[in-house]
Amino acid sequence: MPYLTSSGPTLRTGATEQLGVGVPGYAHPLLAPAEWAGLDRPGTPLHWAVLNIDDGPGARPDPHCLEVAGRLRNARLRALHGEAPEDAVRAMGGRLLGHLDLAFGSRTLDELLTEARSYLDWYGVGGFYLDRCPAGREGLPPVRRLARTLSALLRDSDSADGGTGRLVLGHGTHPYPGYAEAADQLVTFRGPWTDYRWSQVAEWTAGYEPSRFAHLVHGVPRTHLEEAMRIARWQGAGTIFFTDRNGTDGQTDPFATLPSYWDEFVSRIGPGISE
């Protein structure tokens with residue numbers, strides 16, 4: 001397998017490395033109530049979940065999304081203050097991220113900041129997921145500027161824990177290495193299992209901890225779930241989302257609903273879901 005051909009520091013994630021879940025964006029809570037309800041269940045090793053109402057925060061606060069945001073925020077506070085079972089993954093993560101579409105660099109800074117403020121004012125998000133983020137060297141300066149401004153907004157908000165927030169760059173591929181210094185985490189793979197199982201990690205990622213990278217993979221058969229986890233660990237991803245959905249079963253977005261093996265997926269990562 002190509003992901004096993006590298007040697008040296010690239011293969012840096014051992015079997016004891018604790019993975020966590022990153023949810024790239026479920027459907028609206030009215031359409032996916034089970035998906036959203038499951039995220040704050042005890043034992044779910046959630047790093048982050050993306051809230052995307054209408055390719056952004058929408059025109060006004062949505063009561064269903066407000067409820068979801070409140071539940072996740074309260075669950076995170078309970079974990080951080082010891083009112084939930086001790087779980088380092090839960091305590092480190094569990095953030096709700098606002099979805100910002102960079103459209104590969106074609107949107108203005110003012111547009112994106114207007115949406116970011118709405119997410120903060122209405123839903124109290126703990127960070128942002130910068131979808132369709134540029135990956136080339138020429139796109140880095142404006143992304144750095146946006147990231148600095150978003151970090152300042154998060155520091156000034158009441159939603160970020162201890163004055164910090166989380167920024168995730170949704171490249172979906174390995175970007176120019178300089179992006180690693182612009183945000184907390186990079187999505188270096190987003191795509192189908194047929195590509196993921198033959199993928200290779202960029203050598204420059206070996207200089208960073210697994211917590212800096214996320215992999216989002218659809219079309220993963222249940223019978224290949226263990227292999228997919230092994231690839232993620234060998235390639236040094238700290239946050240993952242695997243699903244057997246492929247976007248051909250009535251959903252245009254394969255990540256919009258739960259995988260059929262959700263409980264098994266979560267239990268393989270960390271503590272099982274409490275029934």
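# A tour from helix α2 to the salt bridges

Begin by selecting D62, which caps the N-terminal end of helix α2 by placing a side-chain oxygen 2.8 Å from the backbone nitrogen of H64. Please keep in mind throughout that the model on screen is a predicted one. From this cap, extend the selection along α2 itself, residues 63-80, whose 18 residues span 26 Å from the first C-alpha to the last, close to the 26 Å expected at 1.5 Å a residue. If you then colour α2 by accessibility, the buried positions to look for are C65, V68, A69, G70, L72, A75, R76 and A79. An α-helix has 3.6 residues a turn, so residues three or four places apart point the same way.

**A buried threonine in a loop**

Select T44 next, in the loop between α1 (33-38) and β2 (46-51). With a relative accessibility of 0%, T44 counts as buried, and a polar atom of the T44 side chain can be found 3.4 Å from the backbone oxygen of G38.

**The nonpolar core**

Which residues have the most contacts inside the largest nonpolar core? Select W36, F128, L150, F242 and F265, which hold that position in a core of 74 residues. The largest share of this core, 7 residues, is supplied by α5.

Centre the view on L150 and, setting aside the neighbours within four places in sequence, show what L150 is in contact with: L100, L113, A116, F128, L130 and L167.

Then move to F242, which belongs to strand β8 (residues 239-242) and, at 0% relative accessibility, counts as buried. Again leaving aside neighbours within four places in sequence, the residues in contact with F242 are Y196, V217, V220, L225, A228, M229, A232, P259, Y261 and F265. For a further reference point, draw a distance between the C-alpha atoms of F242 and P192, which are 9.7 Å apart in space and 50 residues apart in sequence.

**Strand β6 and its partners**

Select residues 185-192 to bring up strand β6, in which 6 of the 8 residues are buried, so that the strand is largely enclosed by the rest of the structure. On one pairing, β6 meets strand β5 (residues 166-170) in the parallel sense over 2 bridges, and here V168 can be picked out opposite Q185 of β6. On another pairing, β6 runs parallel to β7 over 6 bridges, where G191 has V217 of β7 as its bridge partner. V217 was already on display, being one of the residues in contact with F242.

**Around R107**

Now select R107, located in the loop between β3 and α4 (109-123), and counted as partly exposed at 22% relative accessibility. Once neighbours within four places in sequence are left aside, the contacts of R107 are with D101, L102, L112 and E115. Two of these partners deserve a distance label: the R107 side chain reaches the backbone oxygen of D101 at 3.0 Å, and a polar contact of 2.9 Å links the side chains of R107 and E115. R107 also makes a salt bridge with E111, in which the closest N and O atoms are 3.8 Å apart, while E111 is itself partly exposed, with a relative accessible area of 38%.

**Salt bridges across the sequence**

How many salt bridges does a search of the whole structure find? The search finds 8, and D101, whose backbone oxygen you have just labelled, takes part in one of them through its contact with R132, where the closest N and O atoms lie 2.8 Å apart. Because D101 lies in strand β3 (residues 95-101) and R132 in the loop between β4 (127-131) and α5 (140-156), the pair ties together parts that are 31 residues apart in sequence. The two partners sit in different accessibility classes, since D101 counts as buried at 13% relative accessibility, whereas R132 counts as partly exposed at 35%.

For the next stop, select E227 and R197, whose side chains meet in a salt bridge of 3.6 Å, N to O. E227 lies in helix α7 (residues 225-234) and R197 in the loop between α6 (193-196) and β7 (213-218), so this pair ties together parts that are 30 residues apart in sequence. E227 counts as buried, at 10% relative accessibility.

Finish by selecting R222, E226, E264 and R268 together, as these four are joined into one network by salt bridges that share partners.

Terms used:
Residues numbered from 1 in each chain as written. Predicted model: local features only at pLDDT ≥ 70, side-chain atom pairs only at ≥ 80, totals over all residues. Heavy atoms only, no water. Helix = DSSP H or I, 4+ residues; strand = E, 2+ residues; numbered from the N terminus. Buried < 20%, exposed > 50% of the residue type's maximum accessible area, 1.4 Å probe, protein only. Core = buried A, V, L, I, M, F, W, Y, C linked by side-chain atoms within 4.5 Å. Contact = heavy atoms within 4.5 Å. Expected span 1.5 Å × (residues − 1). Polar contact = N/O pair within 3.5 Å; in protein donor to acceptor, adjacent residues only side chain to side chain. Pairing = 2+ DSSP bridges.
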